[in-house]
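This report goes through a single protein model, residue by residue and element by element. The sequence and the structure come first.

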Amino acid sequence: MGYRKLGVRSSHRNSMLRNMTTSLLLSGKIETTETRAKEVKRIADKMITLGKRGKSDLHAVRQALSYLTSEDVVMKKVFGEYAEKYAERKGGYTRIIKTRCRRGDASPMAILELVE
C-alpha cells in the first residue's frame with residue numbers, strides 16, 4: 001500500500017495533509033498523531049527536495065505551488081531558507097518525536113519538526 005488512509009475520505013485526507021505540510025514548513029514544528037506525522041514527513045521531505053532544485057527550476061516551483069497552500073511559504077521558506085539550510089544534506093529533513101497518548105481516545109501523539 002502506498003499511503004495511509006487515516007480514517008477519512010480522500011478529499012478530506014488530501015486537504016488535511018496539504019494544510020499540515022504547509023503549517024510544518026511555516027512554523028518548523030507541529031504536534032499530531034503518529035500516523036499523520038509519518039504521512040506528512042514523506043510529503044515535507046519531498047517539498048524541501050523540490051526547494052533544493054532552486055528558484056530557476058520553474059517546474060519545481062510550480063509543483064510546490066500546486067501542493068502547498070501558501071505562496072509565501074513556497075517562495076520564502078522552501079526555496080529560500082530551507083534550500084540554503086539543507087543544501088549539503090542528502091535527506092532526512094524532519095524528525096518524529098513520540099510524546100504521549102491523547103487523553104480523549106488514547107491515540108499516540110508525536111511532534112514532527114524540522115532538524116537543525
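Leu6 is buried, with a relative accessible area of 19%, which is under the 20% limit for a buried residue. The model is a predicted one. Leu6 sits in the segment before α1. Although Leu6 is not a glycine, its phi is positive, at about 65°. Ala106 is another residue other than glycine with a positive phi, in this case near 60°. Ala106 belongs to the loop between β2 and β3.

**Salt bridges**

The model contains nine salt bridges. Three of them are listed here with their N to O distances.

| Pair | N to O distance |
|---|---|
| Glu39 and Arg4 | 2.8 Å |
| Glu81 and Lys77 | 3.5 Å |
| Arg95 and Glu113 | 2.8 Å |

The pair of Glu39 and Arg4 joins helix α2 (residues 34-52), which holds Glu39, to the segment before α1 (10-27), which holds Arg4. The two parts are 35 residues apart in sequence, so this salt bridge ties together separate stretches of the chain. Glu39 is buried at 4% relative accessibility, whereas Arg4 is partly exposed, with a relative accessible area of 32%.

The pair of Glu81 and Lys77 lies within one element. Both residues are in helix α4 (residues 71-85), four residues apart, and about one helical turn separates them. Glu81 is partly exposed, at 39% relative accessibility.

The pair of Arg95 and Glu113 links two strands: Arg95 is in β2 (residues 94-101) and Glu113 is in β3 (residues 108-114), so the salt bridge ties together parts that are 18 residues apart in sequence. Arg95 is partly exposed, with a relative accessible area of 36%. Glu113, in contrast, has a relative accessible area of 12% and is buried. Salt bridges with shared partners also form a network, which joins Arg4, Glu39 and Arg42.

**Helix α4**

Helix α4 has 15 residues, which at 1.5 Å a residue should span 21 Å. The C-alpha atoms at its ends are 19 Å apart, in agreement with that expectation. The helix has a kink of about 35°, and the kink is centred on Lys77.

At the N-terminal end of α4, Ser70 acts as a cap: one of its side-chain oxygens lies 3.4 Å from the backbone nitrogen of Asp72.

Which residues of α4 are buried? They are Val73, Val74, Val78, Phe79, Gly80, Tyr82 and Ala83. The cover over the buried residues of α4 includes the helices α1, α2 and α3 (58-67), together with strand β3.

Lys77, at the centre of the kink, is placed in α4 and pairs with Glu81 in the salt bridge listed above. Apart from neighbours within four places in sequence, Lys77 is in contact with Leu25, Leu26, Asp72, Tyr82 and Ala83. The C-alpha atom of Lys77 is 8.7 Å from that of Gly51, a residue 26 places away along the chain.

**The nonpolar core**

The largest nonpolar core is made up of 28 residues. Leu25, Met47, Leu68, Phe79 and Tyr86 have the most contacts inside this core. At least two of the core residues come from each of α1, α2, α3, α4 and β3. Helix α2 gives the most, with seven residues.

Met47 is one of the residues with the most contacts inside the core. With neighbours within four places in sequence left aside, Met47 is in contact with Thr21, Leu25, Ala64, Tyr67, Leu68 and Val78. Among these partners, Leu25 and Leu68 are also named with those that have the most contacts inside the core. Another partner of Met47, Val78, is one of the buried residues of α4. Leu25 is in contact with Lys77 as well.

**Strand β1**

Thr32 is located in strand β1 (residues 29-33). Is Thr32 buried or exposed? Its relative accessibility is 7%, so Thr32 counts as buried. Beyond neighbours within four places in sequence, Thr32 is in contact with Met20, Ala37, Met109 and Ala110.

Notes
Residues are numbered from 1 along each chain as its sequence is written. This is a predicted model: local features need pLDDT of at least 70, side-chain atom pairs count only at pLDDT 80 or more; totals for chains, interfaces and linings use all residues. Side-chain values use heavy atoms; hydrogens and water are left out. A salt bridge is a side-chain nitrogen of Lys or Arg within 4 Å of a carboxyl oxygen of Asp or Glu. Buried means under 20% relative accessible area, exposed over 50%, partly exposed in between (1.4 Å probe, protein chains only). The expected span of a helix is 1.5 Å times one less than its number of residues. The bend at a residue is the angle between axes fitted to the seven residues ending there and the seven starting there. Contact means heavy atoms within 4.5 Å. A polar contact is a pair of N or O atoms within 3.5 Å; within protein, one must be able to donate a hydrogen and the other to accept it, and residues adjacent in sequence count only if both atoms are side-chain atoms. A nonpolar core is a set of buried Ala, Val, Leu, Ile, Met, Phe, Trp, Tyr and Cys residues joined through side-chain atoms within 4.5 Å.
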